[in-house]
Each structure stands twice: as C-alpha cells, then as structure tokens.
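Let's walk through a protein chain together, one question at a time. Have the sequence and the 3D view open while you read.

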Amino acid sequence: MLKLHGPATSPFVRKVWLALREKGLPFENLPLDPLTKTPRFLAMNPIGRVPILEESDGELISDSSVICDYLEHAYPAVPLYPKSPVQRAKALWFEEYADTVLVGPCARVFWMFVIIPVRSGKPVDRTLVDAFVNEHFPPVFDYLESVAPATGAWPVGNGGKGGGSERNGGEEEGEYPIGIADIALAAPVRLLDLAGAPLDAARWPRFEAFYRRTITRPSGLHIVGAETEATEVFRTTGNAPT
Ligand SMILES: N[C@@H](CCC(=O)N[C@@H](CS)C(=O)NCC(=O)O)C(=O)O
C-alpha cells in the first residue's frame, strides 16, 4: 500500500492526501515531524521536508508537486491535470501560486494561533495578527477573488469535461471537474480553519465559497480527523506529532 509520510496539518501533505483520495487510491498516513531532522528523515529526503510518498515497493518520492505528477502518470485512471497544453499550464500556474505564495500567509496565521502561544507561553497577540492579515492577505486573496469561479470547480479542469474549444483548447463542453488547481488552492487555506481564524467570507466571497465547496468534498472530509488530532498536538506541545 502507498504510504504518505508527514503530519496532516502540513498544507503540502494535505495537497497529496486530497489528490490520493480524489484518485481513489488507498494509502496509509504516517506521522513524521518535519522540524526534527533525524538521520532516518534525511535519508528519506535529503532536504528534510514532508510530504514523502512511499510506494508499495519502497520507492520514495518527495515534494508535493513531484508526488502529484508521479501519481498522475502512475495512476492515470482518474486524471487531475488538463490534457490541453494551455489548460495544463494554467493549472500548473495555480498549483505553483498556491505552493509558493498562498501558503505563506496561511501558515503564518496557523503559527500565530496554534504554535507560537504554547512555545512563548503568551496568549495570541491579536494586534499582531490583525496587522499581519491586513498587510499580507489582500494582495493574495484579492487576486484569487478576481479569478475564482462563481460556481463549480476551478476553471482549468482535469482533462475531463471542460468549457469547449475557445476556453480550453478543445476539451469537451461541460462543467469543469476537480483537478490539481482546486486541490492545491484549497489545501493551505484549511490552515486558517485549523487556526480558528477562517477566511473572511464577506470580503472574499467567491474564493471563500470555492474553498468551502472544495474542502467539504469527501476527500477533504477524510482528512479532518487526522488534522484535528495533529493540530491538538501542536497546540499543546508546540511540536508536530511523531
Ligand atoms: N515544495 C515542497 C514544500 C514542502 C514543505 O515546505 N514542507 C514543510 C512542512 S509544511 C516542511 O517539511 N518543512 C520543514 C522545514 O522546512 O524544515 C512541497 O511541495 O512538498
């Protein structure tokens, strides 16, 4: 069976978790504290980061984007990436944007609410949180709001039904199915829920609604128990579950 190493609180672990579930692939999640660089961990991934996917034959694959690309090729039955080159490029853009830009402010809020208080022994500094959110959220979420779909999945698709020739370079007309863009964009935003500081739905209604309908799919509900448990370990110890 496939093994997914890393805590369910990690946005990159969550991204792979959602991809595995959307593809219908059974797997086991194994805790691995990414902040403690044990020799075993560094032997699995020399840069000491999660997620790490372990294939049933023991092969190890690191980095959420590399893992998702691997899954797409090794298990193509349920595709997550568009076939049209231009739609695929757009999907990869949103995956990259989520992994490099969106993740930062979401992770910082999680740290401010969950990890810093237990490590510092001081309550959450709301003034600091508000200042951070006011400075760092608008550039990211204003952009995502401006491109978010009013209904359905992110408008790049997964190689299934799409918006017809004009919009996606020849894929079939119809509703866009869930794909890697949806998964990658939803995964980090979940950190805000786990922090107890959900995204402001009044300010970013389209993107928040997109996020909410994506994360409440069966794939998203499947991780809730594990991430709640892992968040509690962080909240009480200041460290990841091991
Ligand atoms: N680009 C990587 C990023 C992975 C990453 O930064 N993971 C974090 C956990 S959310 C980590 O392992 N951090 C440990 C560290 O940076 O020391 C991916 O997509 O998998």
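Q: Is K3 buried, partly exposed or exposed?
A: Let's start with the rule: a residue is buried if 20 or more other C-beta atoms lie within 10 Å of its own, exposed if 12 or fewer, and partly exposed in between, with C-beta atoms placed from the backbone. K3 has 15 C-beta neighbours inside 10 Å, so K3 counts as partly exposed.

Q: What kind of model is this, and how are residues numbered?
A: This is a predicted model, in which local features need pLDDT of at least 70, side-chain atom pairs count only at pLDDT 80 or more, and totals for chains, interfaces and linings use all residues. Residues are numbered from 1 along each chain as its sequence is written.

Q: Which strand holds K3, and which residues does K3 touch?
A: K3 lies in strand β1; helices (H or I, at least four residues) and strands (E, at least two) are DSSP runs, numbered from the N terminus. Two residues are in contact if their C-beta atoms, placed from the backbone, lie within 7 Å. K3 and N29 are 26 residues apart along the chain, with C-alpha atoms separated by 5.8 Å. Not counting residues up to four places away in sequence, K3 touches F27, E28, L30 and E54.

Q: In what order do the strands form the sheet?
A: Two strands pair if DSSP finds at least two bridges between them. The sheet is open and its pairing is mixed. Its 4 strands come in the order β2-β1-β3-β4.

Q: Which are the edge strands?
A: An edge strand here pairs on one side only. The edge strands are β2 (27–30) and β4 (60–62).

Q: How do β3 and β4 run, and which residue stands opposite E54?
A: Strand β3 (residues 52–54) is joined to β4 by 3 bridges, and the two run antiparallel. Opposite E54, in β4, stands L60.

Q: What angle does the direction of α1 make with that of β1?
A: α1 packs on the sheet, where it touches β1 (2–5), β2 and β3. Axes are lines fitted to C-alpha atoms, for helices over the stretch in contact, and angles run from 0 to 180 degrees between N-to-C directions. The angle between α1 and β1 is about 155 degrees.

Q: What is the pattern of helices and strands along the chain?
A: The chain has 10 helices and 4 strands. Read along the sequence, the pattern is β-α-β-α-β-β-α-α-α-α-α-α-α-α.

Q: Why is the chain called as compact as a globular protein of its length?
A: The radius of gyration is taken over C-alpha atoms, and the globule rule is 2.2 Å times the number of residues to the power 0.38. For 242 residues the rule gives 18 Å, and the chain is close to that, so it is as compact as a globular protein of that length, with a radius of gyration of 18 Å.

Q: Which residues are closest to the ligand?
A: A residue is near a molecule if its C-beta atom, placed from the backbone, lies within 6 Å of it. In total, 13 residues surround the ligand, and the elements giving two or more residues to this shell are α1 (11–22) and α3 (64–74). The closest residues are S10, F12, P34, R49 and S64.

Q: Which peptide bond is cis, and which residue has a positive phi although it is not a glycine?
A: Most residues other than glycine have a negative phi, and most peptide bonds are trans. The bond from V50 to P51 is cis, with omega near 10 degrees, and P51 is found in the loop between α2 (39–44) and β3. The positive phi, about 80 degrees, belongs to a residue in the loop between β4 and α3: D63.

Q: Is Q87 buried or exposed?
A: Q87 has its place in helix α4 (residues 85–120). Q87 and N158 are 71 residues apart along the chain, while their C-alpha atoms are separated by 8.6 Å. With 26 C-beta neighbours inside 10 Å, Q87 counts as buried.

Q: How many Å separate the C-alpha atoms of V133 and G58?
A: V133 lies in helix α5 (residues 126–147) and counts as partly exposed, with 19 C-beta neighbours inside 10 Å. V133 and G58 are 75 residues apart along the chain, and their C-alpha atoms are separated by 42 Å.
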